[in-house]
Amino acid sequence: MTQSHFVKQQAGSSPVQGFSVSGSNMYLAFNNLIFKLQTDGTYQKTWKHVSNREIEGLASDGSQLYAQLAQRGEILSGRW
């Protein structure tokens, strides 16, 4: 369990829109942010994409990460 807040909103909460685990890393997605954590909850890094679309799904395979975007069937991919 982490000891911090990744995303704060004034009105309501931010549901997780993507989650994936690969090896000793896990990835959480909120809106257009992806957080990389160790499986013990230790924060590693943040990635932000600028596409004016939210993430709707997340998958990982080794160091390759895939994010499905909302509104059209489009997938971003990259190595972490």
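User: Which residue in S7 is the bridge partner of Leu65?
Analyst: Gly78 is the bridge partner of Leu65 in S7. Keep in mind that this is a predicted model.

User: How many helices and strands are there in the protein chain?
Analyst: The chain has zero helices and seven strands. Read from the N terminus on, the elements go β-β-β-β-β-β-β.

User: Back to S6 and S7, then. How many bridges join them, and are they parallel or antiparallel?
Analyst: S7 covers residues 74-79, and six bridges join this strand to S6 in an antiparallel arrangement. One of the opposite pairs is Gln68 and Ile75, with Ile75 in S7.

User: What sits between S6 and S7?
Analyst: Four residues separate the two strands, which form a hairpin. In that turn, Gln71 has a positive phi of about 80°.

User: And what about S5 and S6, how do they pair?
Analyst: S5 spans residues 55-61 and S6 spans residues 64-69; they pair in the antiparallel sense over six bridges. Leu58 stands opposite Ala67, which belongs to S6.

User: How many residues are between S5 and S6, and which turn residue has a positive phi?
Analyst: There are two residues between S5 and S6, which form a hairpin. The turn residue with a positive phi is Gly62, at about 65°.

User: What holds paired strands together in general?
Analyst: Strands of a sheet pair through backbone hydrogen bonds, in either a parallel or an antiparallel way.

User: What is the strand order in the three-strand sheet, and is it open?
Analyst: The order is S5-S6-S7, the pairing is antiparallel, and the sheet of three strands is open.

User: Why do S5 and S7 each have one side without a neighbour?
Analyst: S5 and S7 stand at the edges of the sheet and each has a single partner strand, so one side of each has no neighbour there.

User: How much are neighbouring strands of this sheet turned against each other?
Analyst: On average they are turned by 20° against each other, with direction ignored.

User: Changing topic: what share of the residues is buried?
Analyst: Of the 80 residues in the protein chain, 34% count as buried.

User: And what surface does the chain expose?
Analyst: The protein chain exposes about 5,300 Å², and carbon and sulfur atoms supply 47% of that area.

User: Last one, on contacts. What share comes from residues 24 or more positions apart?
Analyst: Among contacts in the protein chain with a separation of 6 or more, such residues account for 26%.

Definitions and conventions: Residues are numbered from 1 along each chain as its sequence is written. This is a predicted model: local features need pLDDT of at least 70, side-chain atom pairs count only at pLDDT 80 or more; totals for chains, interfaces and linings use all residues. Side-chain values use heavy atoms; hydrogens and water are left out. Buried means under 20% relative accessible area, exposed over 50%, partly exposed in between (1.4 Å probe, protein chains only). Contact means heavy atoms within 4.5 Å. Accessible areas come from the Shrake-Rupley method with a 1.4 Å probe; for residues, only the protein chains shown count as cover. Two strands pair if DSSP finds at least two bridges between them. Axes are lines fitted to C-alpha atoms, for helices over the stretch in contact, and angles run from 0 to 180 degrees between N-to-C directions.
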